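Please open the model in a viewer and display the chain as a cartoon. The tour proceeds from the whole chain to individual side chains.

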Amino acid sequence: MTWIIPFKGRGLSGPVNQNFLYQEKNVYVMDNHRAALWCWLRHIKENSNLDGLFHIDRHFDALQGDIDSWIRQSSCIKDLDIHAYLLKEDKDCGEKSVLLYRWDNYLSIFLALYGSKVSNCYFATHNDGDEPKHNFIEYVCPWEIPDNLDYWMKKGSWIVNVDLDYFFYDTGNEEFHLLYSDRYIADIFNKLKILLDCGSISVLTVCFSPECCGSWENSEYVWDIAQRCLDIEIQLGLR
């Protein structure tokens, strides 16, 4: 177990703030999803293909925006350590100190750079944001996931990317509530544990996204269910 970014406290995550990044074997847990791209690249071999990417998230995280510029500036991305990655600035942006890798574009950058290595893409989202670009994308419904994960990923290797905000909905009054039952959440993470143990998942990234879940408390509630299933225990410190 490794604290790649030691826990800084339950502060704002937003588009670019990274309050923690934790690794246990090939499982990475973070508060801001922007670090996921860096984590995936540690498990991708130059001459190997991936059977698929499975993205479970309220958002697509695939902003197209200035994708050509982002790709050009990412030519040496695999050589960056985590600190250089997180601090890399968007030099083509007109404003100063704008970071290149954010919570809304890390996935579009990954698909642009490495999409040819990925045979299949499955997306379970709330359809928020720009749709991803890939030759094969299948959109799945929530009720399909627990019973079909092991079928979809029956052979490795896969990247699985989970944002805990998928399990919440916003009432529109700045109130967030769980959209799914504790049992549903546990069923998904129990299946992911089985797939991790059998080697079908090359790397699993899990993100708290506290603002998009309504609070750190909400995120940690779901993570508590998830970590019991995954047999991982993270101590974030007292509130």
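The stops below cover the overall fold, one central group of strands and the aromatic residues.

**Before selecting anything.** This is a predicted model, in which local features need pLDDT of at least 70, side-chain atom pairs count only at pLDDT 80 or more, and totals for chains, interfaces and linings use all residues. Residues are numbered from 1 along each chain as its sequence is written, and side-chain values use heavy atoms, with hydrogens and water left out.

**Stop 1: the whole chain.** Select the chain, which contains 8 helices and 10 strands; helices (H or I, at least four residues) and strands (E, at least two) are DSSP runs, numbered from the N terminus. The chain is as compact as a globular protein of its length, because its radius of gyration of 17 Å is close to the 18 Å that the globule rule gives for 239 residues. That radius is taken over C-alpha atoms, and the rule is 2.2 Å times the number of residues to the power 0.38. Along its principal axes, the C-alpha trace spans about 45 × 40 × 35 Å. Of the 239 residues, 55% count as buried, meaning under 20% relative accessible area (exposed is over 50%, partly exposed in between; 1.4 Å probe, protein chains only).

**Stop 2: strand E5.** Select residues 118-124, which form strand E5. Is this strand mostly covered or uncovered? It is mostly covered, with 5 of its 7 residues buried. Next, add strand E4 (residues 50-56), which runs parallel to E5 and is joined to it by 6 bridges; two strands pair if DSSP finds at least two bridges between them. Here His 55 stands opposite Phe 123 of E5. Then add strand E6 (residues 137-139), also parallel to E5 and joined to it by 3 bridges. Across this pairing, Tyr 122 stands opposite Glu 138 of E6.

**Stop 3: aromatic residues.** The structure holds 25 aromatic pairs. Rings of Phe, Tyr and Trp (its six-membered ring) pair if their centres lie within 6.5 Å; planes under 30 degrees apart count as stacked, over 60 as edge-to-face and the rest as tilted. Show Phe 54 and Trp 152, a tilted pair with 5.5 Å centre to centre and 35° between the planes. The pair links distant parts of the chain, with Phe 54 in strand E4 and Trp 152 in helix H5 (residues 145-152), 98 residues apart. Phe 54 counts as buried because its relative accessibility is 0%; Trp 152, at 11%, also counts as buried.

Finally, select Trp 3, Phe 7, Phe 20, Tyr 22, Phe 208, Trp 216 and Trp 223, which form one aromatic cluster.
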